[in-house]
Each structure stands twice: as structure tokens, then as C-alpha cells.
Amino acid sequence: MGTAFKLFTVSGIAIRMHITFPLILIWAAIQFGLLAGTGWVGAWFGVIVVTLLFVIVTLHELGHSYAALFYGVPVKQIVLLPIGGVAQLKEIPENPTQEFVIAIAGPAVNFGLAIILGLIAWAFNIAILNPIDVLEGLERITFTQIFTYVFIYNIFLALFNLLPAFPMDGGRVLRALLATRLEYSRATSISASVGRGMAWLLGLWGFLGGGFFLIIIAFFIYIGASQEEAQVKTRSLLRGYTVADAYSRQARTLPPESTLGDAIQLTLTSLQACFPVCDGQRLVGMLTYPRLVESLNKYDVNTPIADVMLRDVEAVAPDDDLFAVQAKLQTSQLDTLPVMDNGRFLGIITSRDINEIYRLLSIDPDIITMRRRNWDADNRFDAF
Ligand SMILES: [Zn+2]
């Protein structure tokens, strides 16, 4: 995520703050100070408790992350956004027990903290106040007030995240529980429907006076539920299919000594807009369409491709899993990846190729299997 910068690293996990994150602190100052009528004291109070809220959110995400690492699932990073935190895992395990433990670990951290804070309050006689009373008579900031908010935030985070709606933890918990008895995609569909129902209720509550924030959260839940369902459907449809089933054999390539002018010519006269750059059978780079346009703004048409092409492009192999390649296309932000077999260039695979096979499989999974044998035969006479 290029729009987030790193704060620090814990156990190899980078904690990043999204560029829009400070918005929530401004919101807190306005909400607690201006709207609550408590002036600067309230504004400062808001900034302090919301900052602490995000410390708690980070601990919550670390709960998910350590549980994931326990099962050997790599954690890419934790990103803090104005609406909450996200622990980005390399993959969500389909094993219901693992998904259940990873999902529940976040709220468990908050419940744990709430119990510890409750015991501290009991041992040291700290009064847990009513948060609304705190705001009404706010003339100076005290430890007890902040303690109250931190305590309540933990309980709120645990309960809120356990709402049975994707992308909340409760949605994953629900799916994991259903998946112990039902097929994984069926369990996902049911959880996604529950999530969408939940989103409608939250949105309605927001419209009826619950506030704008609820409407935004309802919107994210609705989108999150649908995305999760679509992703699981894609994965189950593409299971067992590889790059060899979908890649384009008749890909046009450019030699490194060709020019930007040659690339324009080829772009206009072929179906492709992204070209692997090959020195004989060896792949040396890629010229993407955005890179071509960018280069034409800086250099003249006689510039050799070798000077402007992308280097270190990750290639995929014919027996690579299609779903994994789709994820790779998304994260690399390239529309096309070269297909290589033992150093030999075979062709290209694009998001469009994967969408095509996905559409066909949605109609009838047997369409592709029937064609497979013929493709293998074609391949033997392939020119590449
Ligand atoms: Zn969580």
C-alpha cells in the first residue's frame, strides 16, 4: 500500500498508518470539543482517547497476526485506517478451526484487556464512570476519565467485531462454525447473506438517527460481504485449473533493440498493449502500456525499448495455480504476466484470460475439461 507509511515493526510485522489516518484525530477533536460543547479541553480529550483507541486496535490486530503466525500463515502488514485497522494475511485458511482461532484472537485480546483493566480498577479503587457524564462536565482531563474510555473501548471493540458480518471477525467466526458442517462455499454464502442483512439494519439505524458513521460502516460491511463471497466463488471455480488452461500462446514480443516507434506500431496493429521483451527465447523485461505512454512524454520515438522497459518482472509457470496468479496480477498492479517454462518464453497471461475462463466455468465446469486434451495436442506443435 503506497499511501501508508511505516510506524514500527513488531515480530517482523510492519505496522503502517494510512495517509488519511489523521482525519480521525481531527474528527475526534471536533466531535469531543466542538459538538459536545466542551471547547479545547474536550478537543484534547478526544485526540487522546482516540489515539489510545487505535493503540487498542493495533493490539487487536496483533492478536489476529500472532494467531496466524502460529498456524504458519504469513502476515504482510497491519494498516491503520480512519475506520479501523486491518491485519493483512497472505491467505485466510480454509480450515475452519484455524480460521475460527485467527478470527476470535482479535476480540479475545480486547476481552482480555477489559478483564485486566477491570481488575486494576477494582484493586486500586478506580471508579468506572458513565462516558456520557464524563463528556458533559469536562473541565479538566483526569486519569479516571481516560481509564473509563479505554475500558469501554475494549468492550465495544470486542462486541462490535463479533457482529456476524464480513469483513468483521464475527463473520469469519460464523463461516468457520458453519463450515464444520457445510461445504465451504455454502458456509460463505450464508455468512455473506447474514452480513448483508446486518449492513441493511445498521444503515437503517444510521438513517434513523444513529449517525453518519454507522452508514459508512454499513456500506463497508455490505461491500465486504459481497467481495468475500465473490472471492470464495472464484477460488472454488478456478480450483484445479492452471496457467496452461488459460494463457495466450500467440503473444507478440519485442526485441530489446526495437524502438518506442516499433512498440506504438505493434500496439496499434495487434490485440496486445503490453509486450514481453525477449532476447531470443530469454525474457529480459516488459513494456507495459502505461510505461510506453510515460516514456513517450520524456523520450523520442527512436529510443530503444531496453532503456525504458520494466526489469525484474516476475514470470509465472504453466502449472501455476490460476487463482494464485490472479492474486499476483492484482498485487503486482500489472495487467499482464509472462509465462515461462524453464527459462523458455511461452506466452502471456492477463486478467482478461482469467475472467474468460471464470465466466465459462460459471456456465458449465465441464466445458474446459472437455477442451483440455485438444489443447495439450496443440501445444506439442506450438511454434514457441
Ligand atoms: Zn479483528
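Me: Let's start with one residue: is Asn125 buried or exposed?

Reply: This is a predicted model, so keep that in mind throughout. To judge burial, count neighbours: a residue is exposed if 12 or fewer other C-beta atoms lie within 10 Å of its own. Asn125 has 6 other C-beta atoms within 10 Å, so Asn125 is exposed.

Me: Where does Asn125 sit, then?

Reply: Look in the loop between H3 and helix H4 (131-136). The backbone is worth a check there too: Asn125 isn't a glycine, yet its phi is positive, about 60 degrees.

Me: Which loop holds Asn342, and what is its phi?

Reply: Asn342 lies in the loop between E7 and E8. Its phi is positive, near 50 degrees, and this residue isn't a glycine either. With 6 other C-beta atoms within 10 Å, Asn342 is exposed.

Me: How do E7 and E8 pair around that loop?

Reply: Strand E7 (residues 336-341) and E8 run antiparallel, paired over six bridges. In that ladder, Met340 stands opposite Phe345 in E8. The two strands make a hairpin with two residues between them.

Me: Why is strand E8 described as largely enclosed?

Reply: Use the same kind of count, from the other end: 20 or more other C-beta atoms within 10 Å makes a residue buried. In strand E8 (residues 344-350), six of the seven residues are buried, so the rest of the structure largely encloses this strand. As a general habit when reading strands, remember that side chains in a regular strand alternate between the two faces of the sheet.

Me: What is the strand order in the sheet that starts with E1?

Reply: The order is E1-E2-E3-E4, in an open sheet with mixed pairing. To find its edges, look for strands that pair on one side only: here they are strand E1 (4-10) and strand E4 (84-89). From one strand to the next, the twist averages 25 degrees. Zooming in, E1 and strand E2 (residues 13-18) pair in the antiparallel sense over six bridges, and Ala4 has His18 in E2 as its bridge partner.

Me: Zooming out, which domains does the chain have?

Reply: The domain assignment lists domain 1 (1-162), domain 2 (164-237) and domain 3 (243-380). The C-alpha centres of domain 1 and domain 2 are 22 Å apart. Where these two meet, 11 residues of domain 1 are in contact with 13 residues of domain 2.

Me: Which element gives the largest share of domain 1's side of that contact?

Reply: That's helix H3 (residues 96-123), with seven residues. By residue type, domain 1's side divides into seven nonpolar, two polar and two charged.

Terms used
Residues numbered from 1 in each chain as written. Predicted model: local features only at pLDDT ≥ 70, side-chain atom pairs only at ≥ 80, totals over all residues. Domains from an automatic or database assignment. Contact = placed C-beta atoms within 7 Å. Helix = DSSP H or I, 4+ residues; strand = E, 2+ residues; numbered from the N terminus. Nonpolar A, V, L, I, M, F, W, Y, C, P; charged D, E, K, R; others polar. Pairing = 2+ DSSP bridges. Axes fitted to C-alpha atoms, helices over the stretch in contact; angles between N-to-C directions.
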